[in-house]
Amino acid sequence: MTQLRRKQLNRGLVFLLFTLPAFAAILVSVEIPFLMSVVSSFTKWNGLDKAQTFIGLENYKELFLDDQDMWKAFGFTLRLTLGSVIAVNLCALLLAVILDSDIKGKNVLRAAFYVPNIISLIIIGYIWRFIFSAGFDSFYQKTGWEIFMLSWLGDVNIVYFSVLLVSLWHSLGFYLVVYIAGLQTVPRDLIEASMIDGANRTKRFFRITLPLIMPSITVCVFHSLSNGLKAFDVIFSLTNGGPGNTTTTIALDIYRTAFVINRFGYGTAKSVVLFLMILILSILQVRVFKRREVEV
Amino acid sequence: MKKHSLPATMVTIVLFILATAYLYPLFLVVINSFKTFSEITSNVLALPKRLVWENFQNAFKIMNYPRYFLNTLLATTVGVCGVVLVSSLAGYKLSRTKTRYSFIMFMILIAPMMIPFHSFMISLVKVAKQLHLIGSPLGLGVLYWGLGSSLALFMYHGAVKSVPQELDDCALIDGASPLRAFFQIIFPLLQPVTVSVVVINTMWMWNDFLLPLLVLSGSKKSLTLQLAAYNFFGLYKVEWNFAMAGVLLTILPAILFYLSLQRYIIKGMVAGAVKT
């Protein structure tokens with residue numbers, strides 16, 4: 001009996017020895033701060049004082065009832081997310097299908113499209129600031145095309161597309177390689193069988209390939225959705241939320257609320273809302289997309 | 001082997017043109033970092049008349065490049081090693097232990113995959129301050145342990161299932177301690193996952209901006225390269241020749257890393273994406 005118990009105790013200790021470091025690290029860096037944020041969202045707190053005054057739902061009331069800037073950021077983030085989810089997935093899937101076919105040098109091409117993805121988004125923003133200003137001036141001188149004379153970062157109506165373009169340029173390679181990996185799992189014999197049955201290229205793609213790579217689509221849409229909703233770095237360096245407040249995303253708004261105007265309590269309320277929004281949209285998306293996945 | 005038909009050749013050519021256009025902005029960065037300021041203002045597209053290395057000397061000095069390079073290297077190394085260590089240990093044990101407590105622990109440890117960084121960053125700064133993890137690259141590296149471990153642990157947890165349990169049992173019967181059995185027998189077999197984990201975390205930590213901004217920007221000596229680049233651009237909003245030299249210096253390590261380990265990087269990133 002005692003031997004059994006000692007063995008159990010020993011097993012428990014070994015279990016703790018293996019799992020405690022990860023548990024401690026995750027608790028400290030993620031879970032405790034997250035719970036603290038939830039608590040802080042019900043307080044007034046300037047970040048400097050120790051004191052946090054409990055104010056109930058005041059922060060949430062302000063957020064939902066009179067924060068124009070937040071709702072503007074909310075709207076822009078949703079538009080940006082929608083645009084980038086559609087653009088990046090369509091482009092990456094199309095390119096992946098072409099690259100997966102029988103062409104020379106596809107590894108070189110795949111590697112080339114992936115290059116922007118290894119550069120930090122902060123730097124990407126600065127590179128494109130250069131292209132949009134000095135670069136486009138020279139393009140205009142060379143071509144005379146009006147499109148290069150537009151104020152790509154200064155015009156409220158255009159800046160959305162500039163941000164979209166830069167995000168697409170940065171992330172396309174990542175989604176491309178995920179789709180290519182997905183396409184490579186499609187069994188060759190299924191494709192050949194459909195060719196014998198006389199299905200043309202388009203039919204083959206929509207009836208065979210697309211349903212079979214649904215898992216890749218689920219994954220890519222999931223990532224592009226959450227990356228869009230979390231957009232921060234590229235906005236920070238490319239437009240810094242401007243012109244005016246038109247390209248401020250929720251993440252940037254949270255950052256400013258807390259670290260620029262020192263309303264930490266209010267900032268945490270916004271971050272709780274961001275968390276819920278991403279959680280709900282992601283769960284919905286995965287549910288809807290999972291239902292369309294088929295087994296081979 | 002099929003013969004390449006004419007349309008296939010056409011598609012290939014079009015794709016290569018497209019890829020060239022795709023990377024053209026980076027080409028512009030490279031050529032303009034070697035120009036004088038007046039050359040840039042007259043024509044961005046022209047090649048430099050002579051290579052102006054002074055741009056790089058200037059950027060190198062003003063950015064304080066060597067120091068911030070080493071800071072970034074330190075934070076990334078500490079972060080990546082820690083993530084690999086704690087997540088492989090936990091992922092292995094949680095995969096092997098099939099009890100209710102083990103399952104609950106697993107859920108607690110992977111839950112952060114659903115929590116976006118921006119939703120707890122404000123309080124994270126407070127916690128980091130209290131634990132004195134603020135203002136040093138080492139502290140930044142330690143903060144990454146928890147931030148990177150959930151995904152890594154999840155990947156290890158899945159991979160351990162394909163390693164036969166008999167291997168652990170044999171090692172234990174032969175008298176190895178549990179830790180030794182893990183490090184000498186199991187861990188080497190998990191190498192493909194380790195490669196993915198290292199790749200994903202290296203790319204992320206090296207390029208991360210927001211967390212370093214929150215915990216390091218107060219202390220001049222301990223900035224990372226991304227932060228230094230950010231400050232540097234604040235100085236040179238118009239002098240594109242300096243700015244582009246700074247860009248090139250900042251992205252060079254990542255580009256070299258990518259060129260030397262390209263196959264592993266693409267494979268690793270795909271593995272990480274698909275696992276979630």
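Modeller: Before we start, one term: two residues are in contact if their C-beta atoms, placed from the backbone, lie within 7 Å. This is a predicted model.

Colleague: Fine. How many residues of chain A are in contact with chain B?

Modeller: 65 residues of chain A are in contact with 70 residues of chain B.

Colleague: Which element of chain A gives the most to that side?

Modeller: Helix 1 of chain A, with 19 residues. Other elements that give two or more residues include helix 4, helix 5 (121-143) and helix 6 of chain A. Further along the chain, helix 9 (214-229), helix 11 (250-260) and helix 12 (264-290) are also among them.

Colleague: And how does the side of chain A that touches chain B divide by class?

Modeller: 46 nonpolar, 13 polar and 6 charged residues.

Colleague: Switching to folds. How many helices and strands are there in chain A?

Modeller: Chain A has 12 helices and 2 strands. The pattern along the sequence opens α-β-β and then runs on in α elements.

Colleague: What about chain B, how many helices and strands there?

Modeller: 14 helices and 0 strands. Read along the sequence, the pattern of chain B is α-α-α-α-α-α-α-α-α-α-α-α-α-α.

Colleague: Back to chain A. Is it compact or spread out?

Modeller: Spread out. Its radius of gyration is 25 Å, while the globule rule gives 19 Å for 296 residues, so chain A is more spread out than a compact globule. The C-alpha trace of chain A spans about 75 × 70 × 30 Å along its principal axes.

Colleague: What is the radius of gyration of chain B?

Modeller: 23 Å, where a compact globule of 276 residues would have a value near 19 Å. The C-alpha trace of chain B spans about 75 × 65 × 35 Å along the principal axes.

Colleague: What share of the residues count as buried in chain A? And in chain B?

Modeller: In chain A, 41% of the 296 residues. In chain B, 45% of the 276 residues.

Colleague: Now contact range. What share of the contacts in chain A with a separation of 6 or more is between residues 24 or more positions apart?

Modeller: 74% for chain A. For chain B, 77% of the contacts between residues at least 6 apart in sequence join residues at least 24 apart.

Colleague: Which domains does the assignment give for chain A?

Modeller: Domain 1 (2-40) and domain 2 (58-290). Their centres, taken over C-alpha atoms, are 37 Å apart.

Colleague: How many residues does the largest nonpolar core have?

Modeller: It has 157 residues, and A92(A) and L176(A) have the most contacts inside it. Helix 7 (residues 137-160) of chain B supplies the largest share, 14 residues.

Colleague: Why does that core lie between the two domains of chain A?

Modeller: Because domain 1 (2-40) and domain 2 (58-290) of chain A both give residues to this core.

Colleague: You mentioned L176(A). What does it touch?

Modeller: Not counting residues up to four places away in sequence, L176(A) touches A92(A), L95(A), A96(A), R110(A) and F113(A).

Colleague: Last topic, helix 4 and helix 6 of chain A. At what angle do the axes cross?

Modeller: Roughly 145 degrees, and the axes come within 7 Å. Helix 4 of chain A makes the contact through R110(A), F113(A) and Y114(A). Helix 6 of chain A brings L172(A), G173(A), L176(A), V177(A) and I180(A).

Colleague: And how do the residues of that contact divide?

Modeller: 6 nonpolar, 1 polar and 1 charged.

Technical notes
Residues numbered from 1 in each chain as written. Chains lettered and ligands numbered in written order. Predicted model: local features only at pLDDT ≥ 70, side-chain atom pairs only at ≥ 80, totals over all residues. Domains from an automatic or database assignment. Axes fitted to C-alpha atoms, helices over the stretch in contact; angles between N-to-C directions. Helix = DSSP H or I, 4+ residues; strand = E, 2+ residues; numbered from the N terminus. Nonpolar A, V, L, I, M, F, W, Y, C, P; charged D, E, K, R; others polar. Rg over C-alpha atoms; globule rule 2.2 N^0.38 Å. Buried ≥ 20, exposed ≤ 12 C-beta atoms within 10 Å, placed from the backbone. Core = buried A, V, L, I, M, F, W, Y, C linked by C-beta atoms within 7 Å.
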